[in-house]
Amino acid sequence: MARYLITGGCGFIGGHLARALVQAGNRVTVLDDLSSGREGNLPPEADLERGCVTDGARLAAIAGQCDGIVHLAAIASVEAAAADPRRAEAVNLGGARNAVEAARTEKLPLVYASSAAVYGDAGPRPIAETHICAPLSAYGRHKLESESAVLTLGPRATIIRPFNVYGPRQHPASPYSGVIARFISACLAGETITVNGEGLQSRDFIYVGDIVRLFLAAMSRAPEAPLTVNGCTGQAISILKLTRAIGEACGTDLKLRHGPARPGDILHSRGNPRHAHETLGFQAEVRLGDGLADTIAWLREEDQ
Ligand code: UD2
């Protein structure tokens with residue numbers, strides 16, 4: 001039985017990962033300051049250490065009791081990071097550096113949750129990991145700088161670049177929540193959703209259960225060389241088409257208005273999934289329609 005440290009384990013992806021690890025018979029310690037995560041996202045078997053990844057000594061001390069680290073803790077929104085750049089740098093870049101130092105000192109494998117934001121706007125074609133990185137946001141720049149730090153660990157370093165992750169337990173309450181959670185929540189409440197700009201921007205949406213399988217595959221790989229993989233499906237949908245899919249799946253008439261384009265918004269974001277498949281045998285399985293149905297069912301239950 002192994003024990004894993006998940007930083008940011010109370011967040012959307014972290015909570016799902018903690019559950020999957022516990023279900024597979026592992027122990028989990030979570031370091032989370034609950035600034036955006038929720039204790040309720042954790043399985044009861046997980047141990048929660050309340051604290052921030054900016055505290056390197058604390059992170060290292062917890063890592064010393066573990067067999068591997070998954071570093072998810074971040075201000076995980078492009079907009080939220082832009083709203084408080086100093087804090088974003090301290091948490092997103094400083095926290096990643098602390099995780100790297102802990103992994104180095106304790107000789108542990110580290111799986112780092114980077115982001116597709118490192119690519120910037122690469123056009124409508126699927127982006128491979130070898131594509132040049134030209135982030136448009138401070139969030140993307142911090143993720144890219146963090147990747148460089150992670151790679152200094154050599155073979156024990158795995159970097160995952162998730163595209164747009166969605167699914168149950170992604171809470172729509174914050175203005176910085178993912179677009180799918182926000183749109184479904186508004187749709188169910190009969191509220192008007194706001195499409196930023198024309199809505200022709202497109203995203204590669206990956207279901208949270210799929211991204212968790214990718215993290216699990218990364219955690220159990222043989223550390224032969226550092227590895228960087230996309231977390232994506234290879235398919236993209238425009239935000240406008242997404243609104244229609246959500247309206248249909250909710251079975252309601254979706255009320256929509258167009259607002260101004262979001263400053264610095266990436267136009268197209270679509271990943272090439274081949275490298276993750278070749279190196280980790282990973283392939284996304286959940287189709288958008290099925291993932292939307294699961295997310296709607298969860299949000300309906302939350303409402304009651
Ligand atoms: C997502 C991730 C971010 C990072 C990035 C990688 C979330 C919350 N953020 O940022 O962490 O990994 O992908 O590229 O998942 N939109 C609307 N109306 C709304 C909300 C959003 O039109 O009410 C649009 C928004 O302008 C954008 C798209 O929907 O074009 C997706 O927005 P998002 O905030 O869900 O995610 P994104 O791609 O900025």
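How many bridges join β1 to β2, and do the two strands run parallel or antiparallel? I opened my notebook with this question, keeping in mind that the model is predicted. I found that 5 bridges join the two strands, and that β1 and β2 run parallel.

**Entry: strand β1**

I then looked up one pair along this ladder, and saw that Leu5 has Thr29 of β2 as its bridge partner. For the strand as a whole, which spans residues 3–7, I noted that 5 of its 5 residues are buried. I wrote down the directions of the side chains as well: Arg3, Leu5 and Thr7 point one way, Tyr4 and Ile6 point the other way, and all of them are buried.

**Entry: strand β8**

I turned next to β8, residues 192–196, where the side chains alternate between two faces. Which of its residues point to the buried face? I found Ile193 and Val195 there, whereas Thr192, Thr194 and Asn196 point to the other face and are not buried. I also checked the pairing of this strand, and found that β8 and β13 (residues 255–259) are joined in the parallel sense over 5 bridges. Within that pairing, I noted Leu256 of β13 as the bridge partner of Ile193.

**Entry: two cavities and a pocket**

I searched for enclosed space and recorded 2 cavities of 30 Å³ or more. The largest has a volume of about 40 Å³, and I listed its lining as Tyr4, Gly68, Ile69, Pro109, Val111 and Met219. Sorted by class, this lining has 5 nonpolar residues, 1 polar residue and no charged ones. Tyr4, one of the lining residues, is a residue I had already met on β1, where it points the way that Ile6 does.

The second largest cavity has a volume of about 30 Å³, and its lining consists of Ala186, Cys187, Gly190, Glu191, Ile193, Asp253, Leu254 and Lys255. Here I counted 4 nonpolar, 1 polar and 3 charged residues. Ile193 of this lining is also one of the buried residues of β8.

I looked at one open space too, the second largest pocket, which holds about 340 Å³. Its lining is made up of 17 residues, and those nearest its centre are Phe205, Thr233, Gln235, Ala236 and Leu288. By class, I wrote down 10 nonpolar, 4 polar and 3 charged residues for this lining.

**Entry: the loop between α4 and β5**

I followed the chain from α4 (85–106) towards β5 (110–113), and found Leu108 in the loop between them. Is Leu108 buried or exposed? I noted it as buried, because its relative accessible area is 6%, which is under the 20% cut-off. Apart from residues up to four places away in sequence, Leu108 touches Ala63, Cys66, Asp67, Gly68, Ile69, Ala103 and Arg156. Lys107 lies in this loop between α4 and β5 as well, but I had to count Lys107 as exposed because its relative accessibility is 63%, and exposed means over 50%.

I also checked a backbone angle here, and wrote that the phi of Lys107 is near 55 degrees, a positive value in a residue other than glycine. I looked up Leu34 in the loop between β2 (27–32) and β3 (47–50), and its phi is also positive, near 60 degrees. I kept both values in my notes because most residues other than glycine have a negative phi.

**Entry: Asn92 in helix α4**

I found Asn92 in helix α4, and counted this residue as buried because its relative accessible area is 2%. Setting aside neighbours within four places in sequence, Asn92 is in contact with Ala74, Ile75, Ala81, Tyr112, Tyr139, His142 and Ser146. For one of these partners I looked up the separation: Asn92 and Tyr139 are 47 residues apart in sequence, and their C-alpha atoms are 7.8 Å apart in space.

**Entry: cysteines**

How many disulfides are there? I counted 0 disulfides. Cys232 is in none, and its nearest cysteine sulfur, that of Cys133, is 14 Å away. Cys250 is in no disulfide either, although the sulfur of Cys187 is 3.7 Å away; I noted that a disulfide needs the two sulfur atoms within 2.5 Å. Cys232 counts as buried because its relative accessibility is 2%, and Cys250 counts as buried because its relative accessibility is 6%.

Note on methods
Residues numbered from 1 in each chain as written. Predicted model: local features only at pLDDT ≥ 70, side-chain atom pairs only at ≥ 80, totals over all residues. Heavy atoms only, no water. 1 Å grid on protein atoms, 1.4 Å probe; cavity = no way out; pocket = protein on both sides within 12 Å on 5 of 7 lines; lining within 4 Å. Points joined across faces, edges and corners; volume = space filled by probe spheres on them. Nonpolar A, V, L, I, M, F, W, Y, C, P; charged D, E, K, R; others polar. Helix = DSSP H or I, 4+ residues; strand = E, 2+ residues; numbered from the N terminus. Buried < 20%, exposed > 50% of the residue type's maximum accessible area, 1.4 Å probe, protein only. Contact = heavy atoms within 4.5 Å. Pairing = 2+ DSSP bridges.
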